[in-house]
Amino acid sequence: MGKAEWLFRFRQMDCQKGKRRLLFIGVISVCLFFQSAKMGATLPEQPETEDTRIIIHTPVTTFLHGEKLQFKASVDSSISQFNFFFRQAGMEQYQVRPMEKAEDGSYIYELDTSTLAVLDFDYYFEARNGDQSYFFPASAPDQTVTATGQPSEQMPEIPQNLPSPEEEMRKMPFPLSLNGSIEPVLYEKQGDGSSGTRKITAGSNLRIFPSYRSRTGLVVTSDSNISYSSTLLSPEKKVDLSNLMIAFNQGHHSLKMGDINIDENQFTVSGLGRRGFDYTYDNQKTGFHIFNVSSQQPKGFKGFGPPRAAISIYGGSLSQKFFNDQFLLKAIFVAGKDDPGEGSGVGSSSFYTPRKGNVFGFEAESHLLKDKVNLRAEYARSNYDEDLSDDVDSRPDNALNFFTSFREGGLNIDARYYYTGKNFGSVGLQSMITDRKGYQANVGLTRGIFNLMGAYAIDQDNADGDLATPTSKDYNGSLTLGLNLSRKVSLNFGYRNDRQKTFLAGEEMDFGRSRQEELSGGLNLSLSQSAMVNIALTTSSQTGTTFPASGSSSTGLNIGGAFRPAGWLSLNPTFSYSQLKDEFSGLKITTLNTFFSSELTVVPEIVALLLMGGFNRSESGPGSAMNMFSLNGGLSFSLGRWIKIGQFSLALNGEYSHSKSSGSSVSNQRVLARFDFDF
Amino acid sequence: MKTEKTIRSADIKSIIFNLLLKLIVVSAILIVPLALTQIQAAISFSPPQPNVEQTVTFLVSHPAGIIPASVVWNFGDGSQASGSTTATKAYRTIGNFIVRVTYTTLTQQQVNEQTPVTVVERRRITTNPPLYPAVNKPVEFRAENFLAKSVLWNFGDGTRLVLGPEIISHVYSSPGKYTVEAKDFGGESVAKIQTTVNVTEGTGPRASFQVFFLQLRFDDGKPYKVVPRGYDRLVAYADIKYEGSGILNALWLVNGIAFRVANLSLPFARQTIINSGSIPALPTAIPGMYEVSLKIIQPQVEFEIPVIRYFVAADKSLDRFQLNQVTVDGFKSFDLEGKELEISQGLIQAPARKHILFRGKIKNIKQTLVPFALLRIYLNSNLVDQQVLKDLKPGEVRPFESSIFNPGSADSSVYIVLYDISVKPETLLFIEKYELKSDGN
């Protein structure tokens, strides 16, 4: 085959690419025709080639990073094998993938460009018949097609100078680490005349994380952390088992004990990161899962061992995929008891009481037309007692959800209908909105730098339509526009409008009305990995006619930065402003806040100046201004150069805080030494 | 002259001494009895700061004794009493009153005394829950500082008056603003002790705007985290279930210092998640223990906001190794014809000078999302492929495919390495080595 045969047969052209591509193809064809320099690739030895056949393909020269690129080619006679070769910029070797034969006789390979670490790659095709090979471009791999991607969203920065695999294997760590910090107070002066309650504060962690991998595929991992803190957060103890995990993995089997995440679906158990155990079998077709965990993250060592009966949740699921994984069926069961008062990091209304219940859930999901159309249906029936302290026993109720989505190119359309009965509930969900039903629709469009999304939802309570009970309906619409002006600059704007109306027996009531509007805007500057700025502005207004009737408006501005202009300096400042105004009383609450943390290397790897501080001014009326200023920091001396078994540092720290309100001011000063260790 | 001066000096001293002595004697005669009179002839009363309707007991005394029949009390509010050195009085209003008493001593001395009395109203009604009483839920009323054990309650909703104890519960059947009145002394009191309660639906869109449930956590769902110094992705989250509709105004706090504000409008009693922000993330420059909390300015929160903690370790590379947080299952190799190549005990039997395909499934057994992972395939020390795996969810199994060209030389090794590149520095998640045994080697 001579170079003259670079004339392409456009009859196979992918219609979706459009006529503009014709011009591109012509230019690329001419370029390729005249291109004679070798690409410098390290290539395998190729079999002898006889240029007697023609591979027909429309070159792909541009793409949007993240999209799935379909490479389609055909050959004018029968062959035994069709391969797609591609090489990301910076790589020496080509990757090869066998192409699949389509019904029309052409060969197809779909490349997920989100896996590319760079935006450019070269490619060519090879058709084989026995020992004979035919290429596209004909003189491949000397000449190839270059595809250049456009960034569609933030791509990760690929680390440079990663260690060689041999080095990584040599650096296997000892599976135990101890770190801590001890701070004796050297000097203290408090504005109220007191001398403080403790002269030495300390915190420490002992982490144990042995792991084992056998040649037979058994992987045992463990990771536990025991923490110590001399300052207590009531009702914690000084020593806490803050992390606990042992996992056994072999093939499709997985057994985990400790802190685990249980996530089945929105009606049963979701986002529950708790302590307990679970077993999973998953061969990507059939899934089986059983678990028994605490309903709350237990405090201290309370979670060591089986969950206690008062906060124990158990259950499981069984799932099966059908029809080439396009259809999924799943059944879930969850039961147990919960007491929010037992959890750490949790605060709740006095109406949030100990509860119990069980729930059966069923789920069917299908992914059709290569994931372009997704359908999901969920149904659950619970028997739930939301308050164990009252005389009312468990009551049954139902919940269901229908969801469908369509995705094609940059267009996304979602629609949802849901219903949750008044008495429905699951102990596997920390909180749940019940007695609701509604419709939601979202439309998203991504084109070039634009990302436009619109959403509209109608929700209502009194889902069963009890005529004696008021029904509130909520009409919520929002519009969001994102502009990715470049990889470094993106803008977003949002508008949301929400109206709530309340009806009784079909008549609208004065009571239970509300209206909200929110306007937001943001700017993201990722000038580099070492200089990022985020600006976000939100203004909201709200009026309502519940008791008490309310009307308020707010403005919030957040500016944050993360700067590492050089290896010796890092600076992370925030600036915030918010104003909340009660439209009835005229009362304004204004908050102005700045915060920063920074590290300045004085002598590389030895001496650093570490600083953290902030200023806050809040005012809720004339003469009520409260100003607070604090600064904390000092010089840190790293001893790592001399003590080789870990990281040790000594620091001389100062703390100063000053607060002023209603004419009185208080200043506190402390000087501390700090010893940090980590080995 | 010298003698005269001495005499004069002695005289002067003597005169001064005598004058002082006389002064002391006169003082003892005149002032001490007067002082004694002042101390002992007085009005005393108890309690010292009486409440409205509280009985105050007055007592007048004099060192010379008092003729009881001569005593006349004037309590400062227009009322009087007489005939006794003690008197009781219950004021009906708050105020400052001057209590006067006139009497005759046993020595027939007419005496007028007076003392100020401040009468206050300490009685009040408190409710539990203090901020958001709800329909069909018991509201506990407490008559604080009441003078009698029996109180007549009027809950303001048209239900009958209840003669009950100081602490009583009532259930409202419909939303509204109610004036609750408690009358002391079983209803005999004339003082109106009142409070108003805004009773709304306890939960749902018509409830008062309130935070019903709040959980603070880090990305792994836990209230405690250890991070290396300089870690730039530490974000705290607040899972919030709210009732009603309103504008949330809050401040993220780090060690009690305001870090960032959070402002957003929340409609129709739903759930939401707010976070402390990622640019910048929570501070990690200084090693040691940190406390993170949220100060909610609006709406008022009736429970204590939790505090979570994180510890910044001295070593910047603490998370350098999190090995085996992902696994590679079903790792197989093929030639381009699709024929599976034998892998046994980490040894891949492969044809020399041919392409080899690798297929496997990466499983994230970490508890957290890996936003960006980097899969690298090495032939000896040479990087032959790298792929980005985006959003590797906990428990997710992600298939991968790669290839190498087997040069056919002896002692070739294939390495599969996976990094979490979402964090700085990157974290090694997985590394495995396979020996490549070529035909003929």
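B:Thr55 stands opposite B:Ala90 in strand β5(B). That is one spot in a predicted model, where local features need pLDDT of at least 70, side-chain atom pairs count only at pLDDT 80 or more, and totals for chains, interfaces and linings use all residues. Residues are numbered from 1 along each chain as its sequence is written, chains are lettered from A and ligands numbered from 1 in the order in which they are written, and side-chain values use heavy atoms, with hydrogens and water left out.

**Strands in chain B**

Strands are DSSP runs of E with at least two residues, and helices are runs of H or I with at least four, numbered from the N terminus. Two strands pair if DSSP finds at least two bridges between them. Strand β2 (residues 55–61) of chain B pairs with β5(B) in the antiparallel sense, over five bridges. Strand β5 covers residues 86–90 of chain B. Its covered face holds B:Ala87 and B:Lys89. Its uncovered face holds B:Thr86, B:Thr88 and B:Ala90.

Strand β13 (residues 176–183) of chain B runs antiparallel to β10 (residues 151–154), joined by three bridges. Here B:Asn154 stands opposite B:Glu181. Seven bridges join β13(B) to β14 (residues 193–199) of chain B, again antiparallel. In that pairing, B:Val180 stands opposite B:Thr195.

**Chain A**

Chain A has two helices and 41 strands. Of its 679 residues, 44% are buried. Buried means under 20% relative accessible area, exposed means over 50%, and partly exposed lies in between (1.4 Å probe, protein chains only). A:Ile56 lies in strand β1 (residues 55–57) of chain A. With a relative accessible area of 6%, A:Ile56 is buried. A:Ile56 and A:Pro137 are 81 residues apart in sequence and 9.7 Å apart in space, C-alpha to C-alpha.

**Salt bridges**

Side chains of opposite charge can pair when their charged atoms come close. A salt bridge is a side-chain nitrogen of Lys or Arg within 4 Å of a carboxyl oxygen of Asp or Glu. The whole structure has 39 of them over all chains. The table lists some.

| Pair | Closest N to O |
|---|---|
| A:Glu188 and A:Lys199 | 3.4 Å |
| A:Glu264 and A:Lys330 | 2.8 Å |
| B:Arg123 and B:Asp184 | 2.9 Å |
| B:Arg206 and A:Asp461 | 2.8 Å |

A:Glu188 is buried, with 16% relative accessible area. A:Lys199 is partly exposed at 44%. A:Glu264 is buried at 10%, and A:Lys330 is buried at 16%.

In chain B, B:Arg123 and B:Asp184 form a salt bridge. B:Arg123 lies in the loop between β7 (110–119) and β8 (124–128) of chain B and B:Asp184 in the loop between β13 and β14, so the pair ties together parts that are 61 residues apart in sequence. B:Arg123 is buried, and so is B:Asp184. They belong to a network of salt bridges with B:Glu53 and B:Glu121.

**Where the chains meet**

The size of an interface is often given as the accessible area lost when the parts come together. Between chain A and chain B, about 11,500 Å² is buried, and carbon and sulfur atoms give 57% of it. Buried area is the accessible area (1.4 Å probe) that two parts lose on being put together, summed over both. The contact takes 152 residues from chain A and 128 residues from chain B. Contact means heavy atoms within 4.5 Å.

Six salt bridges cross this interface. Strand β35 (residues 550–566) of chain A gives the most to the side of chain A that touches chain B, with 11 residues. Strands pair across the chains too: β23 (residues 346–348) of chain A and β15 (residues 210–217) of chain B are antiparallel over three bridges. A:Ser348 stands opposite B:Phe213 there.
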